[in-house]
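Here's a walk through a protein and the ligand it holds. Take a look at the structure first, and then we'll go through it piece by piece.

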Amino acid sequence: MKVLVTGGAGYIGTHLCVELLENGYEIVVIDNFSTSTLEGLRRVREITGKSFHVYYVNLLDKKNLKKVFSLHQIDSVIHLAGYKSVRESTSDPMKYYRNNIEGTMTLCEVMQEFNVTSLVFSSSATVYAPVEKYEAISEKHPLGPTNPYGHTKRLIEEMLRDIFDSNTDWCIRILRYFNPVGAHKSGLIGENPKGIPANLFPYLSKVVVGKLPALFIYGDDYPTPDGTGIRDYIHVTDLAKGHLYALHNLSSSSGVNVYNLGTGKGYSVFEMLREFESVTGKIIPYLIAPRRKGDVAFSFADVSKAKEELGWEATRGIDSMCHDAWKWQRNNPNGYELTRIKPLKKEVMSYDWL
Ligand code: WQD
């Protein structure tokens, strides 16, 4: 079975490619390398020993996207490509609407033209409205994104439903990620944010390896047991495996279905900081800072639907998340930075990892 992975060079993408290859799938990767490098894919090849095609294609470039579909008999698409920074989406919403929504529209048009109607879409828990009380968020929870990034994910979900309503041949699974963290157990691939990380885990990792002096905890006055924000952190390998369960489920029925990918457990900033200290044996300096605009007090998933219908559940705990994040950061203090390889020309180029 041949799977096209859009955004396959990214953090989630590289971990997904490893799981697909190790489970016998043939893959074709497209990426515009706007926030990633070839190095991550080279290491996917190193981890799995498997070769695969990579094309330097922007989803807005319909001509070259069609070339990829004409070169390969694609059975299913896992669509990860998209910008995902809440902060950046607030300062530059049009960049997010253009890239995330128009890119997905182009992809779906080309899929339709080549009669490929099997799709797994990477959505996000940011589509949900903030919860009023400390309770697990199910797929039935009201939607109400509070930032342009979340708006693009919600609009794409609606668009996919409309596409199915117009052509019931489509089989679509929408995966709402909670907080993906950690890295592959090899320490070869991991989260590679540009500049100062916005998210907790990569920031904590850089403090632990001494690349940053201290953690700023954004608010300790939330209505939570220790006053800091609570999130549902999920190991990126568990998240990647969830895509394979969704892919398998596509073959069982048409239609559109939505699943939370989380652990069902919430941990506070302090709890994660203490876990990092326990796993690494290091003291992590921190300062209490004002709340960050747009943050919610708590967010954790009801994951029963994915377990019942996909047969999937997360198995890795916060000790593995911290251990693997630290191993990646320790082995790669500058991420892939030192080996940042950008394809030379902006056109379809096939990197056959032979
Ligand atoms: C987690 C907690 C912060 C950094 C993000 C994106 C969203 C989604 C998941 C893709 C919060 C606190 C953080 C720091 C801190 N990704 N924190 N100091 O905001 O829940 O969601 O990742 O869909 O795009 O919004 O994750 O890691 O930024 O924050 O105290 O330096 O850590 O206040 O309580 P978030 P996060």
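Let's begin with a word we'll need a lot: a residue is called buried when its relative accessible area is under 20%, exposed when it is over 50%, and partly exposed in between. Asn 334 comes in at 33% relative accessibility, so it counts as partly exposed. Keep in mind that what you're looking at is a predicted model.

Where does Asn 334 lie? Look in the segment after α11, the helix that runs over residues 318-331. Setting aside neighbours within four places in sequence, Asn 334 is in contact with Asn 192 and Lys 211. For a sense of distance, pick out Glu 157: it sits 177 residues away from Asn 334 along the chain, and the two C-alpha atoms are 35 Å apart.

Now zoom out to the whole protein. Its secondary structure comes to 11 helices and 14 strands. Measure along the principal axes and the C-alpha trace spans about 55 × 45 × 40 Å. The radius of gyration is 19 Å, which agrees with the value near 20 Å that a compact globule of 354 residues would have. Of those 354 residues, 56% count as buried. The accessible surface adds up to about 15100 Å², and carbon and sulfur atoms own 52% of that. There's also something to say about how the chain meets itself: among contacts with a separation of 6 or more, 80% are between residues 24 or more positions apart.

Next, the ligand. Which residues come nearest to it? There are 21 residues around the ligand, and the nearest are Tyr 149, Leu 200, Phe 216, Arg 231 and Asp 295. By type, the shell divides into 12 nonpolar, 5 polar and 4 charged residues. Two elements that each supply at least two residues of this shell are α7 (200-208) and β8 (215-218). Strand β8 gives the most, with 4 residues.

Some of the polar pairings can be followed atom by atom. An N or O atom in the side chain of Tyr 149 is 2.7 Å from an oxygen atom of the ligand. Asn 179 has a polar side-chain atom 3.1 Å from a ligand oxygen. With Phe 216, it's the backbone that takes part: one of its N or O backbone atoms lies 2.8 Å from a nitrogen atom of the ligand. As for cover, the ligand on its own has 680 Å² of accessible area, and the protein covers 92% of it.

Helix α7 deserves a second look. Is it enclosed or open? Since 9 of its 9 residues are buried, α7 is largely enclosed by the rest of the structure. Among those buried residues are Leu 200, Phe 201, Tyr 203 and Lys 206. The elements covering them include β7 (179-181), β8, β10 (233-235), α9 (269-280) and α11. Just after α7, Gly 210 takes a positive phi of about 80 degrees.

From here, let's visit the helices α5 and α6. Asn 100 lies in α5, which covers residues 93-113. With a relative accessible area of 3%, Asn 100 is buried. What does its side chain do there? One of its polar atoms lies 2.8 Å from the backbone nitrogen of Tyr 83. A polar contact of 3.2 Å also joins the side chains of Asn 100 and Thr 152. Leaving out residues up to four places away in sequence, Asn 100 touches Gly 82, Tyr 83, Tyr 149, Thr 152 and Ile 156. You've met Tyr 149 already, among the residues that come nearest to the ligand.

Met 159 is found in α6, residues 148-166. Its relative accessibility is 18%, so Met 159 counts as buried. Beyond its neighbours up to four places away in sequence, Met 159 touches Ile 101, Thr 104 and Met 105. Its C-alpha atom is 18 Å from that of Tyr 83, a residue 76 places away along the chain.

One last stop is Thr 37, in the loop between β2 (26-31) and α2 (38-48). At 2% relative accessibility, Thr 37 counts as buried. A polar atom of the Thr 37 side chain lies 3.0 Å from the backbone nitrogen of Glu 39.

Terms used
Residues numbered from 1 in each chain as written. Predicted model: local features only at pLDDT ≥ 70, side-chain atom pairs only at ≥ 80, totals over all residues. Heavy atoms only, no water. Near = heavy atom within 4 Å. Polar contact = N/O pair within 3.5 Å; in protein donor to acceptor, adjacent residues only side chain to side chain. Areas by Shrake-Rupley, 256 points an atom, 1.4 Å probe, with all protein chains shown as cover. Nonpolar A, V, L, I, M, F, W, Y, C, P; charged D, E, K, R; others polar. Rg over C-alpha atoms; globule rule 2.2 N^0.38 Å. Buried < 20%, exposed > 50% of the residue type's maximum accessible area, 1.4 Å probe, protein only. Contact = heavy atoms within 4.5 Å.
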